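Here is a walk through one protein model and its ligand, written for someone who likes to check geometry by eye. Keep the viewer open as you read.

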Amino acid sequence: MTELTLPTKEAIDRAGGLIRKGELVAFPTETVYGLGANALDEAAVRKIFAAKGRPADNPLIVHVPELTLAKPLCEITPSARELAKRFWPGPMTLLMKKKPTVPDVVTAGLPSVAIRIPSHPVARAFMAAADRPIAAPSANTSGKPSPTTAQHVLDDMNGRIPMIIEGGACQVGLESTVLDLTQAVPTVLRPGGITPEMLLTVLDEVRVADSVLRPLAAGEKALSPGMRYRHYAPKGKLWLVKGSDEHVLSRLQALYDLAAAQGHNARILCFSEHLEAMGQRRCACIGRRSEPTTVAAELFKVLRQMDDENVDVLYSEALEPSGIGLAVMNRLSRAAAFQSIDADQE
Ligand code: TXA
Ligand code: MG
């Protein structure tokens, strides 16, 4: 039903034709795979919400190949231009005031629109062939971790969309940084590959939304609708184990041993540096702590694997929430429903 195709010239041209006809195409980007439609075609955009089972009040990112093509869609401020010069094409999304050309279905009726210029060569060839701005959320079923391989997309979307373009594993592995430029102080709503530290090389001031590392309080308004929804959560119960190295490792072992003795299909999500210390216990490696970009690249794949293996209890190590570590901890904290265990406490 769904064609999974290599990005040949012929396939890319056909993908562009599908978009112009109002169909959906999944395509690789440097962050995660996207599920694209013509952003100016309301009926096509509605198909995205249907295919993902996505709530209609969660707005979409509009992808364009270059900044001039964003001009009809939004009001580009001087700081947007500066950021664009430095970080586009790349894993950054900017929220700017929308122009009437953008249908309300794309922005869920909000006055701002999210714009991104991806760098992945296949995404760029696809956008050029489509010759339309592409509205695209991550190509997963709503609530699941975003897809970082074409196989992940096929697992979620088989039979629901006509075409998936294969582009290998995504390099960043986490969704783009969403920066709201409509606030008095530019605000990171979702951390990603372009870190607050990097943004501060261009901007005088950057805020990180409180809800990045903690749950919304009762009655608190989400700056980004996506933050209201349960996300990234594996089927099993995930606990983050934090604290000093020595205590974390021994606590991970003890928690695992107890869960295994109780008959659980448990796993330790651990850094490659600590695999050996875990002995015979069943672990899933989430990359190298010394290179946090490897953790970003591995995380969603591992969370999906845990579901495939019907793991019901997971204990995970944590990263420092700085640099790309902030994005990793945002996704992990949400996957753990913000539950953590302090290994330094008895
Ligand atoms: O890396 C990415 O950003 C990927 C690739 C495909 O580009 N896309 C992606 O889209 O992750 P999605 O829809 O899964 O996440 C977009 C996030 C959501 O949390 C959404 O609520 C927020 O951006 N968003 C989009 N438009 C917004 C707006 N106008 N105001 C506030 N938040 C917005
Ligand atoms: Mg998503």
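What follows covers the sheets, the ligand site and a handful of residues worth a look.

**The eleven-stranded sheet**

Keep in mind that this is a predicted model. Eleven strands make up an open sheet with mixed pairing, and the order across it is S1-S8-S2-S3-S7-S4-S6-S5-S9-S10-S11. The edges are strand S1 (3-5) and strand S11 (207-208); each has a single partner strand, so one side of each is left without a neighbour in the sheet.

For a closer look at one pairing, take strand S3 (residues 34-38) and strand S7 (residues 134-135), which run antiparallel to each other and are joined by two bridges. Within that pair, Asn 38 sits opposite Ile 134 in S7. Helix H2 (residues 42-52) packs on this sheet and touches both S3 and S7, with its direction at about 155° to that of S3.

**The five-stranded sheet**

There is also an open sheet of five strands, ordered S14-S13-S15-S12-S16, and here the pairing is parallel. Strand S14 (283-285) and strand S16 (340-342) take the edge positions with a single partner strand each, so one side of each has no neighbour in the sheet. From one strand to the next, the twist averages 25°.

Strand S13 (residues 266-270) pairs with S14 in the parallel sense over three bridges. One residue to pick out is Ile 268, whose bridge partner in S14 is Cys 283. Helix H9 packs on this sheet too, touching S13, S14 and S15, and its direction makes about 170° with that of S13.

**The ligand site**

How many residues surround ligand 1? The count is 25, and the closest are Thr 31, Asn 58, His 63, Ser 176 and Arg 190. Some side chains place an N or O atom close enough to a ligand oxygen to list as polar contacts:

| Side chain | Partner | Distance |
|---|---|---|
| Thr 31 | oxygen atom of ligand 1 | 2.7 Å |
| Asn 58 | oxygen atom of ligand 1 | 2.6 Å |
| Arg 116 | oxygen atom of ligand 1 | 3.1 Å |

On its own, ligand 1 has 680 Å² of accessible area, and the protein covers 96% of that. Which elements give two or more residues to the shell? They are strand S4 (61-63) and strand S6 (112-116). S6 gives the most, with three residues.

**Backbone oddities**

A few torsions deserve a click. Trp 88 and Pro 89 are joined by a cis peptide bond, with omega at about -5°. Pro 89 belongs to the loop between helix H3 (78-87) and strand S5 (92-97).

Then there are positive phi values outside glycine. Asp 131 has phi near 55°, and you'll find this residue in the loop between helix H5 (121-130) and S7. Is Asp 131 buried or exposed? Asp 131 is exposed, at a relative accessible area of 57%, which is above the 50% cut-off. Asn 310 also has a positive phi, about 50°, without being a glycine. Asn 310 is in the loop between helix H9 (292-308) and strand S15 (313-316), and this residue is exposed as well, with a relative accessible area of 54%.

**Two buried loop residues**

Ser 138 lies in the loop that runs between S7 and helix H6 (150-157). Why does Ser 138 count as buried? Its relative accessible area is 16%, and buried means under 20%. The side chains of Ser 138 and Ser 146 make a polar contact of 3.4 Å. Setting aside residues up to four places away in sequence, Ser 138 touches Val 32, Tyr 33, Gly 34, Leu 35, Lys 52, Ser 146 and Pro 147.

Gly 193 is in the loop between strand S10 (187-190) and helix H7 (196-199). With a relative accessible area of 19%, Gly 193 is buried. Gly 193 and Val 172 are 21 residues apart in sequence, yet 6.6 Å separates their C-alpha atoms in space. Val 172 is also one of the residues in contact with Gly 193 once neighbours within four places in sequence are left aside; the others are Pro 91, Glu 175, Thr 177, Met 198 and Ile 324.

Methods: Residues are numbered from 1 along each chain as its sequence is written. Chains are lettered from A and ligands numbered from 1 in the order in which they are written. This is a predicted model: local features need pLDDT of at least 70, side-chain atom pairs count only at pLDDT 80 or more; totals for chains, interfaces and linings use all residues. Side-chain values use heavy atoms; hydrogens and water are left out. Two strands pair if DSSP finds at least two bridges between them. Helices (H or I, at least four residues) and strands (E, at least two) are DSSP runs, numbered from the N terminus. Contact means heavy atoms within 4.5 Å. Axes are lines fitted to C-alpha atoms, for helices over the stretch in contact, and angles run from 0 to 180 degrees between N-to-C directions. Buried means under 20% relative accessible area, exposed over 50%, partly exposed in between (1.4 Å probe, protein chains only). A polar contact is a pair of N or O atoms within 3.5 Å; within protein, one must be able to donate a hydrogen and the other to accept it, and residues adjacent in sequence count only if both atoms are side-chain atoms. A residue is near a molecule or strand if one of its heavy atoms lies within 4 Å of it. Accessible areas come from the Shrake-Rupley method with a 1.4 Å probe; for residues, only the protein chains shown count as cover.
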